[in-house]
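Please open the model in your viewer with the sequence panel beside it, and keep a selection tool at hand. The tour goes from stop to stop, saying at each what to select and what is there.

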Amino acid sequence: MSGLVFSENDLDKYLKIETKEGILEGWLFTFDNQTKLIIVESPDERTEKKDYTFIKMDSILNLKWVDKLKKNLFSIKNTNTNQKKIQSRLQNTIREFDQKAKNIYGKNVTVKAQKIFDSLNKTMDCSWENSSIVVLQEVYVNSPYSVDDVVGGSEQTNNRVKLVLSRILNKLK
């Protein structure tokens, strides 16, 4: 079809094109009237991807505009979700979060103690047991939280906690 000219209003409209190679359906993705080239976007229903076909306007034998809405292939499909299962998972997540929050914030501890805990917890798993910081479930850092207040655990773990604690205390001075 010679003399085809597309405009901005034609973009994203559904069309059916007949060429020597066959029939193609899809949405007009873009066009260039100077180079006489169009690109048609066609959905691939099996893979939920999009195919783009370049077509020279001179090779179009017949063109028909079809009134069809564009589907969003990337939207969430309507699946039969089990609402009870989702609610249960949400409640479990909230419970786990609450439990972790209890272990992160000490009760009746000083600001300095909480800062020491936060710093230790960046590199080692920590929790509170009353006013003591429990590091790696085996080493205790008791109040007033100096290197001399580190007790328990293996010698290697104990020494590591003392080293990290001494550096934290130096930064807090």
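**Aromatic pairs**

A search of the whole structure finds six aromatic pairs, where rings of Phe, Tyr and Trp (its six-membered ring) pair if their centres lie within 6.5 Å, planes under 30 degrees apart counting as stacked, over 60 as edge-to-face and the rest as tilted. Select F6 and W65 to begin: their ring centres are 6.1 Å apart and their planes stand at 75 degrees, so the pair is edge-to-face. Because F6 lies in the segment before β1 and W65 in strand β5 (residues 60-66), this pair ties together parts that are 59 residues apart in sequence. Helices (H or I, at least four residues) and strands (E, at least two) are DSSP runs, numbered from the N terminus.

This is a predicted model, in which local features need pLDDT of at least 70 and side-chain atom pairs count only at pLDDT 80 or more, while totals for chains, interfaces and linings use all residues. Residues are numbered from 1 along each chain as its sequence is written, and side-chain values use heavy atoms, with hydrogens and water left out.

Colouring by accessibility, you will find F6 buried, with a relative accessible area of 4%, whereas W65 counts as partly exposed at 38%; buried means under 20% relative accessible area, exposed over 50%, and partly exposed in between (1.4 Å probe, protein chains only). Add F31 to the selection, and F6, F31 and W65 appear as one aromatic cluster.

**D10, in the segment before β1**

Select D10 next, which is placed in the segment before β1 (14-19). Which side chain of opposite charge is nearest to D10? That side chain is K13, 4.3 Å away, and D10, although buried, has no salt bridge. A salt bridge here is a side-chain nitrogen of Lys or Arg within 4 Å of a carboxyl oxygen of Asp or Glu, and for charge, Lys and Arg count as positive and Asp and Glu as negative, His and the chain ends not being counted. Leaving aside its neighbours within four places in sequence, D10 is in contact (heavy atoms within 4.5 Å) with V5, L28 and W65, the last of these being the W65 of the aromatic cluster.

**The β3-β4 hairpin**

Move to strand β3 (residues 37-44) and strand β4 (residues 49-56), which run antiparallel and are joined by eight bridges; two strands pair if DSSP finds at least two bridges between them. The two strands form a hairpin with four residues between them, and in the turn E48 has a positive phi of about 55 degrees. Selecting P43, look across to its bridge partner in β4, K50.

Where is the one salt bridge that the structure holds? Show the side chains of K50 and E41, which meet in a salt bridge at 3.7 Å, N to O. Of these two residues, K50 counts as partly exposed at 29% relative accessibility, while E41 is buried, with a relative accessible area of 4%.

**The four-stranded sheet**

Now select β6, β7, β8 and β9, an open sheet of four strands in the order β6-β7-β8-β9 with antiparallel pairing. The edge strands are β6 and β9, each of which pairs on one side only. Between β8 and β9, which run antiparallel, there are two bridges, and Y140 stands opposite V151 in β9. Helix α2 (residues 111-123) packs on the sheet, touching β6 and β7, and its direction makes about 145 degrees with that of β6; axes are lines fitted to C-alpha atoms, for helices over the stretch in contact, and angles run from 0 to 180 degrees between N-to-C directions.

**Backbone features in the loops**

Most residues other than glycine have a negative phi, and most peptide bonds are trans. With that in mind, select Q137 in the loop between β7 (132-135) and β8, where phi is near 60 degrees, a positive value; Q137 is exposed, with a relative accessible area of 70%.

Continue to the loop between β8 and β9, which holds P144: the peptide bond from S143 to P144 is cis, with omega near 15 degrees. In that loop also select Y145, where phi is near 70 degrees, again a positive value in a residue other than glycine, and where the relative accessible area of 6% makes the residue buried. Finish by showing W128, since both W128 and Y145 are buried.
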